[in-house]
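Please read the following report beside the sequence and the coordinates. The text begins with one charged pair and then turns to the chains and to the contact between them.

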Amino acid sequence: MKYQSIIVEDLQVAADFLKRFCEKSGVVDVVHHFLNAEDALLFLKDNVVDLIFLDVEMPGASGFELLDQLLYTPQVILTTSKTEYAYSAFQYNVTDYLKKPFTYQRFLEAIQKVSKKTEQQNGNSDQDHMFIKSDGKLIRLHNDDILFIESMGDYVKFITPVKKYITHNTIKNLETKVNPQVFMKVHRSYIVNFTKINDIQENVLFINGNMIPISKTHKSGVMQKINIL
Amino acid sequence: MHNEQPKILFAYSPELDSDFLKDLYGEDLQQAEMVFESSVQQLRNELVLAGARFHDGDTAGLKKVVHKMKPLFGYIGLNEIIPEFAAFEEVCMKATHISEAEKGFNDITTITEQAIQKIEKEIRRLKQFNTQYL
């Protein structure tokens with residue numbers, strides 16, 4: 001498999017350096033290089049990539065601000081000169097974190113991580129259920145039973161037609177783990193089962209009588225996903 | 001008997017961090033040549049920009065330029081320069097008037113010009129090696 005990637009990096013030298021490694025690897029195609037996050041976001045609105053090599057500190061929006069606005073979750077390798085972003089990188093669930101300048105060996109290790117994660121995601125995408133830990137038990141929830149998932153700070157609430165389950169997790173973490181064929185993030189605090197959507201009015205959707213906001217950044221993603229005749 | 005040609009290795013100049021460069025570029029000396037060339041070009045451009053910001057009395061703008069120049073030294077084996085640039089960024093950030101950044105500006109200008117000279121020399125050596133052996 002060849003990964004379709006983009007580089008978001010304001011330093012041309014760093015981007016050229018990375019492009020060379022991508023070429024050498026034979027498994028990463030660089031489809032575009034952007035000097036800032038804003039241009040990359042415009043591109044990502046209409047294009048899907050497997051992987052983003054993302055600098056953190058850039059003029060204008062930062063790499064993390066770009067991640068906040070993404071409508072879907074490609075794999076991300078952060079490339080930065082500083083180590084102080086490691087904690088944020090962990091929070092954003094990025095695949096790897098490369099401190100510039102990095103060696104070819106270190107680059108290959110990062111690509112191996114991308115490959116492993118891809119395998120895991122492909123395995124997960126066939127899943128029709130998930131296990132959650134709630135009230136001291138592991139509970140099996142079928143995707144079809146879940147209406148939506150709501151953030152409660154460090155906890156999330158799984159809403160089913162008959163019961164609510166609270167578990168220690170975050171929407172950001174769940175976003176990469178739920179089956180993307182069934183679930184989608186519509187707001188920083190909500191992931192919905194879009195087979196359960198009853199109707200959509202402006203920036204709100206309704207599931208089983210529950211009103212769920214759709215954020216501006218996720219609106220076009222929602223509209224693309226639903227089947228409008 | 002297997003008669004293998006001995007591998008000819010390139011030795012980086014001692015004024016650069018040669019162990020680091022060997023680790024960074026490995027045997028890909030064409031990449032080293034390409035990155036050294038673009039780093040020098042960018043350092044030259046940024047130095048002109050830094051001069052303009054300094055003469056405009058724009059410490060915030062000067063800090064931005066210096067911030068962009070700093071990581072370039074990491075690609076050319078001159079890592080020891082990076083802390084000096086980081087320190088000058090701090091000076092720019094704290095300066096209430098451009099005069100407070102004057103000494104630092106002169107220092108980083110000299111450092112950059114010396115770095116450019118060293119790297120230009122290394123580019124010539126790399127070019128010669130790459131043409132001869134690759």
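How far apart are the closest N and O atoms of the salt bridge that E150(A) forms with K157(A)? In this predicted model, where local features need pLDDT of at least 70, side-chain atom pairs count only at pLDDT 80 or more and totals for chains, interfaces and linings use all residues, the closest N and O atoms of E150(A) and K157(A) are 3.9 Å apart. The term salt bridge is used here for a side-chain nitrogen of Lys or Arg within 4 Å of a carboxyl oxygen of Asp or Glu. Both E150(A) and K157(A) are buried, a word that stands for under 20% relative accessible area, whereas exposed stands for over 50% and partly exposed for values in between (1.4 Å probe, protein chains only). Residues are numbered from 1 along each chain as its sequence is written, chains are lettered from A and ligands numbered from 1 in the order in which they are written, and side-chain values use heavy atoms, with hydrogens and water left out.

**The two chains**

Chain A has seven helices and 15 strands, while chain B has five helices and zero strands; helices (H or I, at least four residues) and strands (E, at least two) are DSSP runs, numbered from the N terminus. Along its sequence, chain B reads α-α-α-α-α. Of the 229 residues in chain A, 49% are buried, and in chain B the buried residues make up 45% of 134. Chain A exposes about 11,800 Å², with carbon and sulfur atoms supplying 49% of this surface, and the accessible surface of chain B is about 7,500 Å², with 53% belonging to carbon and sulfur atoms; these areas come from the Shrake-Rupley method with a 1.4 Å probe, and for residues only the protein chains shown count as cover.

Contact here means heavy atoms within 4.5 Å. Among the contacts in chain A with a separation of 6 or more, 49% are between residues 24 or more positions apart, and in chain B 69% of the contacts between residues at least 6 apart in sequence join residues at least 24 apart.

**The contact between chain A and chain B**

The contact draws 18 residues from chain A and 18 residues from chain B. The buried area, meaning the accessible area (1.4 Å probe) that two parts lose on being put together, summed over both, is about 1,500 Å² between chain A and chain B, and carbon and sulfur atoms give 63% of it. L11(A), V13(A) and R20(A) supply 39% of the area that chain A buries against chain B, more than any other three residues.

Two salt bridges cross the interface of chain A and chain B. One pair that crosses between the chains runs from R20(A) in helix 1 of chain A to D28(B), which lies in the loop between helix 1 (18-25) and helix 2 (29-56) of chain B. D28(B) is buried, with a relative accessible area of 12%. Helix 1 (residues 12-25) of chain A also gives eight residues, the largest share, to the side of chain A that touches chain B.

**Salt bridges in detail**

Side chains of opposite charge can pair when their charged atoms come close. Over all chains, the count comes to 20 salt bridges, including those in the table.

| Salt bridge | Closest N to O distance |
|---|---|
| R20(A) and D28(B) | 2.7 Å |
| K113(A) and D96(A) | 3.3 Å |
| E150(A) and K157(A) | 3.9 Å |

The pair of K113(A) and D96(A) links distant parts of the chain, with K113(A) in helix 5 (residues 104-125) of chain A and D96(A) in strand 5 (residues 96-99) of chain A, 17 residues apart. K113(A) is partly exposed at a relative accessible area of 38%, whereas D96(A) counts as buried because its relative accessibility is 7%. D96(A), R106(A), E109(A) and K113(A) are linked in a network of salt bridges.

**Two further residues of chain A**

T167(A) is placed in strand 10 (residues 164-168) of chain A and counts as buried at 7% relative accessibility. Leaving aside residues up to four places away in sequence, T167(A) touches I132(A), K133(A), Y155(A), V156(A) and F158(A).

E175(A) belongs to helix 6 (residues 171-175) of chain A, and, again not counting residues up to four places away in sequence, E175(A) touches T73(A), K185(A) and I191(A). The C-alpha atoms of E175(A) and Y190(A), 15 residues apart along the chain, are separated by 9.6 Å.
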